Amino acid sequence: MEAGGGTGLNVQKKGLVKQPEPIKPSPNNTEEEDQEAKDMQKEALNRRNAWEPSVFYSLGNETFFFTGQEVSIRESLDSFGAVIWPGAVALCRYLEKQRDQVELLDKAVLELGAGTGLVSIVGSLLGAWVTATDLPDVLPNLNFNLSRNTRGRCRYTPQVAALVWGPDVKRNFPNSIYHYDYVLCADVVYHHNFLEDLLITMQHFCRPETTLLWANKVRFPSDLRFIENFKNVFNVTLLEEIPQEEVRIYQATAKK
């Protein structure tokens, strides 16, 4: 079901969810979208403070610059998923800095726990075909941020879809259909009761040809326990550690 943000941005509405497309489309014709981009920029300026979903209470806008583009993110107070966390910013910096090592151009990318959409936006700006996922209540703000920051700018129109971590992901996203080159995660591990479900979900999407990139600020002892469980089921490399922000970025592949 389309809602609020243009072609390809699929979100939950009235209890119905359209599953994301599993097959990468042809790249967008950016010349044809130039006028759409101008129209979108004009609309964003006119409606910056006017468009507010009824379930959100505006916290503010954060502005970033990645890949030579301004990225404006609207945060909200409704949930942890509607706030920008340090792991997301660190992962975006890494993807931009290491684009020769992490080649996202024309790759199929899935983000788990996309939140405000910052990582998915940067992945899209780097040329990936991105599917951004999170809990249904987070999707309206996620959809809004992706739409206003990617329309007319990106090689592929990103998708937004509801995804609940846990065993049901095997039924809702069968790996016979859904294949991703990269799975991205940022600050998905904190003090919540779904760490086991998260690990199940990570394993489900990480096929032999998939690379998982996970950035996280270490906050609680439970974070460290998750890291140990993570290392037990994946081949793990610590790519970068940022001591001043207590953020680590890991690369993982499925164990044979």
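The following exercises, each with a worked solution, concern a predicted model of a single chain.

**Exercise 1. Overall composition**

Task: Determine how many helices and strands the chain has, and what share of its residues is buried.

Solution. The secondary structure consists of seven helices and nine strands. Of the 256 residues in the chain, 48% are buried. A further step concerns contacts with a sequence separation of 6 or more: 68% of them join residues 24 or more positions apart.

**Exercise 2. An aromatic pair between two elements**

Task: Classify the geometry of the ring pair Y180 and F205, and state which parts of the chain the pair ties together.

Solution. A pair of aromatic rings is described by the distance of the centres and the angle of the planes. A search of the whole structure yields 10 aromatic pairs. For Y180 and F205, the centres are 5.9 Å apart and the planes stand at 70°. Planes over 60 degrees apart count as edge-to-face, and the pair is accordingly edge-to-face.

The next step is location. Y180 belongs to the loop between helix 5 (169–172) and strand 6 (182–186), while F205 belongs to helix 6 (residues 195–205), so the pair links parts that lie 25 residues apart in sequence.

The last step is accessibility. Y180 has a relative accessibility of 4% and therefore counts as buried. F205, at 2%, likewise counts as buried.

**Exercise 3. A pair within one helix**

Task: Classify the ring pair F226 and F230, and place both residues in the secondary structure.

Solution. The ring centres of F226 and F230 are 6.2 Å apart and the planes meet at 20°, so the pair is stacked. Both residues lie in helix 7 (residues 221–233), where a spacing of four residues corresponds to about one turn of the helix. Both are buried. The two rings also belong to an aromatic cluster, which comprises W214, F226, F230, F234 and Y250.

**Exercise 4. A charge over a ring**

Task: Identify the ring over which the charged end of R74 sits, and give the distance.

Solution. The ring is that of F144, and the charged end of R74 lies 3.9 Å from its centre.

**Exercise 5. Packing of two helices**

Task: Describe how helix 2 and helix 3 are oriented, and characterise the residues of their contact.

Solution. The axes of helix 2 (residues 86–97) and helix 3 (residues 118–125) are 9 Å apart, at an angle of about 10°. Helix 2 is therefore roughly parallel to helix 3. On the side of helix 2, the contact involves A88, V89, L91, C92 and L95; on the side of helix 3, it involves L118, V119 and V122. Sorted by type, the contact residues are eight nonpolar, no polar and no charged.

**Exercise 6. The surroundings of two strand residues**

Task: For L110 and T211, list the contacts beyond four places in sequence.

Solution. L110 is located in strand 3 (residues 108–112). Its relative accessibility is 0%, so L110 counts as buried. The contacts of L110 are T131, T133, Y180, Y182, V183, L184 and F205; this list includes both members of the edge-to-face pair, Y180 and F205. In addition, the C-alpha atoms of L110 and V130 are 5.8 Å apart, although 20 residues separate them along the chain.

T211 is part of strand 7 (residues 211–217). A relative accessibility of 17% is under the 20% limit, so T211 counts as buried. The residues that T211 touches are D181, Y182, V183, Q251, A252 and T253. Y182 and V183 appear in the contact lists of both L110 and T211.

Technical notes:
Residues are numbered from 1 along each chain as its sequence is written. This is a predicted model: local features need pLDDT of at least 70, side-chain atom pairs count only at pLDDT 80 or more; totals for chains, interfaces and linings use all residues. Side-chain values use heavy atoms; hydrogens and water are left out. Rings of Phe, Tyr and Trp (its six-membered ring) pair if their centres lie within 6.5 Å; planes under 30 degrees apart count as stacked, over 60 as edge-to-face and the rest as tilted. Buried means under 20% relative accessible area, exposed over 50%, partly exposed in between (1.4 Å probe, protein chains only). A charge sits over a ring if NZ of Lys or CZ of Arg is within 6 Å of the ring centre and within 35 degrees of the ring normal. Axes are lines fitted to C-alpha atoms, for helices over the stretch in contact, and angles run from 0 to 180 degrees between N-to-C directions. Angles under 35 degrees count as roughly parallel, over 145 as roughly antiparallel, 65 to 115 as roughly perpendicular and the rest as oblique. Contact means heavy atoms within 4.5 Å. Ala, Val, Leu, Ile, Met, Phe, Trp, Tyr, Cys and Pro count as nonpolar, Asp, Glu, Lys and Arg as charged, and the others, Gly among them, as polar.
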